[in-house]
Amino acid sequence: MLKGKTAVVTGGSRGIGRAIVLKLAEEGMQVAFLYRSAEAEAVALCRQCAELQAKVRAYACDVSDEEQVKQTLKAIQKDFGPASLLVNNAGITDDGLIMTMKEESFTGVIDVNLKGAFLMSKHILPAMLRNKEGCIINISSVSGLFGNPGQCNYAAAKAGLIGLTKSIAKEYASRQIRCNAVAPGFIDSEMTKDLDRPELEAHIPLGRLGRTQEIAEAVAYLADAAYVTGEVLRVDGGIAM
Ligand code: NDP
């Protein structure tokens, strides 16, 4: 079902987003991915995808800026035509305890992780409706399901993404547009590089961090799962059981 269709992936230059871009390209999709500043990584990924004979292009775009989102989606529409899949993956952390957290640390994390997904969805949905086809997948987190000390901003944004997911799913199900979320646990990426691995692994039932490819596989499953909408799929090694 994915072959030959177009996907838009935010935060595609590194980590989980990069694995999603590669997986969708391997599945035969054309992929437009967004990044904020990591141009060298973005160019390298486009080269790697070219070896797979996949049409993949990178666009520099801050997802928290509405004008940039609008202009980028316009450029993608021109380059690829209508997109069938949007993966809202771009995310940042800025951890701290609530009593000492600065307002800009709170709003900064909400702006990228939650408002970014809202803006991308808002501005891609009209084309999906016109095209009578669409699927949105939001990358949430187990922090959004259960909270996490030191991450009130991040957990609030990720919980917000679940509300956004279910609302979009309900608003557009009658038009055959689906919206789901993936809630990863601890995944081996730039975001988790400074965490105490042995300590963390001791708390994960499957005994290890997840691999970025394992999140990409969940995304590919949801992109193809024609009868699944409004779902939150945990991919977390059992940490949130
Ligand atoms: P990384 O830090 O490795 O990558 C983040 C990506 O988001 C980069 O491509 C980055 O672009 C992009 N990005 C950041 N800010 C913006 C912005 N304002 N506009 C556009 N792109 C932006 O993160 P991960 O791969 O680890 O995480 C990906 C997603 O998965 C995030 O939403 C994260 O919250 C979620 N997640 C991760 C977990 C983990 O353990 N790693 C666990 C649970 C959820 P650039 O390279 O240009 O800066």
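User: What makes a stretch of this predicted model a helix or a strand, and how many of each are there?

Analyst: A helix is a DSSP run of H or I with at least four residues, and a strand is a run of E with at least two. In this predicted model, the protein chain has eight helices and seven strands.

User: Why is the protein chain called as compact as a globular protein of its length?

Analyst: Its radius of gyration is 17 Å, and the globule rule gives 18 Å for 241 residues; the two values are close, so the description applies. The C-alpha atoms fill a box of roughly 45 × 35 × 35 Å along the principal axes.

User: What share of the residues is buried, and what makes a residue count as such?

Analyst: A residue is buried when its relative accessible area is under 20%. Buried residues make up 49% of the 241 in the protein chain.

User: What makes a group of residues a nonpolar core, and which residues have the most contacts inside the largest one?

Analyst: The members must be buried residues of the nonpolar kinds, joined through side-chain atoms within 4.5 Å. The largest such core has 35 residues, and those with the most contacts inside it are Ile20, Leu24, Phe33, Val56, Leu85 and Ile137. Helix H1 (15-26) is one of the elements that give two or more residues to this core, and its share of seven residues is the largest.

User: Which residues beyond its sequence neighbours are in contact with Phe33?

Analyst: Leaving aside neighbours within four places in sequence, Phe33 is in contact with residues including Val9, Val21, Leu45 and Val56.

Definitions and conventions:
Residues are numbered from 1 along each chain as its sequence is written. This is a predicted model: local features need pLDDT of at least 70, side-chain atom pairs count only at pLDDT 80 or more; totals for chains, interfaces and linings use all residues. Side-chain values use heavy atoms; hydrogens and water are left out. The radius of gyration is taken over C-alpha atoms; the globule rule is 2.2 Å times the number of residues to the power 0.38. Buried means under 20% relative accessible area, exposed over 50%, partly exposed in between (1.4 Å probe, protein chains only). Contact means heavy atoms within 4.5 Å.
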